[in-house]
Amino acid sequence: MAQLEFGEGIVRQLEQAYRGRDMARRRGLVRAALGAEPGDRILDVGCGPGFFELELAAEVGAGGSVTGVDLSAASVAVAKQRSAGHQNLEFHEADATALPVADGAFDRAFSVQVLEYVPDVDAALRELRRALRPGGRLVVWDVDWATVSMRTEDEARMERVLAAWDAHLTHPSLPRRLGALMRAAGFEEVGMDAHPFATNELSGETYGGFLVPFVEQFVGTDEATAWADEQRALAEAGAFYFACLQFCFTAEAPR
Ligand SMILES: C[S@@+](CC[C@H](N)C(=O)[O-])C[C@H]1O[C@@H](n2cnc3c(N)ncnc32)[C@H](O)[C@@H]1O
């Protein structure tokens, strides 16, 4: 199965999901880790539909700027629409491993649930380091998909469905290696935090609730639909359960 493609249909679905409660909480955690200040120049690698940019524009103020980069033309188009009228936001269609930005141009950079899709993570980290000024702050957030825990009466079927879902990205458990990769790329003061996303609510407001139909659609088999039907039945009975761990890495570019 091929990796998930961020075409127009998927980007619109993600845009809807990113309005949900869990995604807003996640952006809050990332922004707290980033610690933006008025006047900062901020880079977002893999900006998706551009929710972070509007929130950060308010934090950096008119004297700062936020630059979003994404490989997907559809994401960049949606992000540009969302930010229309803001002077200090800009977007580029480009790969994380070849950023169209000058050396040392940013005070802070972040990349949320993106490096897990990038085959050459080392190259992406080198680019982030190049883009940051000496002492600049980096925040990288990724999911360890092996931590997904859900209720089911058919463990073998769920294992097959979630294994098929793992093909939607290149590195299903990147957080296990990310700290070491960041150090190898020359970053200093590397720190790691884990945040649980757990819910009993199968709805677009929650990370797990959004994932069920998204996984069903990506895997696209009768078995995946049977699994998703089971999850919907559990939800109707008040018995839906989802949990996973997401990881927030922080670091400093060398001075
Ligand atoms: C799960 S979305 C996350 C979007 C955004 N960071 C957020 O959290 O709201 C992953 C994004 O990474 C982008 N992406 C995947 N591979 C990329 C690459 N090699 N270079 C740049 N962006 C990439 C996708 O196009 C998609 O917009």
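Which residues are closest to the ligand? Let's start there, since you have the structure up in front of you. This is a predicted model, by the way. The closest ones are F6, G46, G48, S72 and A96, and in total 17 residues surround the ligand. If you sort that shell by class, you get ten nonpolar residues, five polar and two charged.

Okay, let's zoom out to the whole chain. The protein chain has nine helices and seven strands. Its C-alpha trace spans about 55 × 40 × 30 Å along the principal axes. For 255 residues, you'd expect a compact globule to have a radius of gyration near 18 Å, and this chain has 18 Å, so the two agree. Of those 255 residues, 42% are buried. And here's one for the contact fans: take the contacts between residues at least 6 apart in sequence, and 76% of them join residues at least 24 apart.

Now for some helix packing. In general, you describe two packed helices with two things, the angle between their axes and the distance between the axes. So, first pair: α8, residues 207-219, and α9, residues 222-236. Their axes come within 9 Å and cross at roughly 170°. An angle over 145 degrees counts as roughly antiparallel, and that's therefore how α8 and α9 run relative to each other. On the α8 side, the contact uses V212, P213, V215, E216 and V219, and on the α9 side it uses A224, T225, A228 and Q231. Six of those residues are nonpolar, two are polar and one is charged.

Helix α8 has another partner, α6, which covers residues 155-166. Again the axes are 9 Å apart, but here the angle is about 75°. That makes α6 and α8 roughly perpendicular to each other. The residues in this contact are V161, A164 and W165 from α6, with V215, F218 and V219 from α8. What classes do the residues in the contact of α6 with α8 fall into? Six are nonpolar, with no polar and no charged residues. If you're following along on the screen, look for V215 and V219, because they turn up in the α9 contact and in the α6 contact.

Next, two helices and what their buried residues pack against. Take α4, residues 73-82. Its buried residues are A74, S75, V76, V78 and A79. They pack against α1 (8-17), α3 (51-60), β2 (65-70) and β3. Then there's α5, residues 121-131, where V121, A124, L125, E127, L128, R129 and A131 are buried. So that list has E127 and R129 in it, alongside residues such as V121 and L125. What do the buried residues of α5 pack against? That would be β1 (41-45), β4 (106-112), β5 (132-150) and α7 (175-184).

Let's go back to α4 and look at what follows. S83 sits in the loop between α4 and β3, with β3 being residues 89-93. Is S83 buried or exposed? Buried, because it has 20 C-beta neighbours inside 10 Å, and 20 is where the buried class begins. Leaving out residues up to four places away in sequence, S83 touches G50, E53, L54 and L89. Take L54: S83 and L54 are 29 residues apart in sequence, yet 6.5 Å apart in space, C-alpha to C-alpha.

Over in strand β3 we find E93. E93 counts as partly exposed, because it has 14 C-beta neighbours inside 10 Å. Setting aside neighbours within four places in sequence, E93 is in contact with D70, A73 and V76. V76 should ring a bell, as one of the buried residues of α4. E93 and L71 are 22 residues apart along the chain, and their C-alpha atoms are separated by 5.3 Å.

Last stop, a couple of backbone oddities. Most residues other than glycine have a negative phi. Q113, though, has a positive phi, near 55°. You'll find Q113 in the loop between β4 and α5, and it's partly exposed, because it has 17 other C-beta atoms within 10 Å. E189 has a positive phi too, near 50°. E189 lies in a strand, β6, residues 188-199. With 14 C-beta neighbours inside 10 Å, E189 counts as partly exposed.

That's the tour, so over to you for questions.

Notes. Residues are numbered from 1 along each chain as its sequence is written. This is a predicted model: local features need pLDDT of at least 70, side-chain atom pairs count only at pLDDT 80 or more; totals for chains, interfaces and linings use all residues. Axes are lines fitted to C-alpha atoms, for helices over the stretch in contact, and angles run from 0 to 180 degrees between N-to-C directions. Helices (H or I, at least four residues) and strands (E, at least two) are DSSP runs, numbered from the N terminus. Angles under 35 degrees count as roughly parallel, over 145 as roughly antiparallel, 65 to 115 as roughly perpendicular and the rest as oblique. Two residues are in contact if their C-beta atoms, placed from the backbone, lie within 7 Å. Ala, Val, Leu, Ile, Met, Phe, Trp, Tyr, Cys and Pro count as nonpolar, Asp, Glu, Lys and Arg as charged, and the others, Gly among them, as polar. A residue is near a molecule or strand if its C-beta atom, placed from the backbone, lies within 6 Å of it. The radius of gyration is taken over C-alpha atoms; the globule rule is 2.2 Å times the number of residues to the power 0.38. A residue is buried if 20 or more other C-beta atoms lie within 10 Å of its own, exposed if 12 or fewer, and partly exposed in between; C-beta atoms are placed from the backbone.
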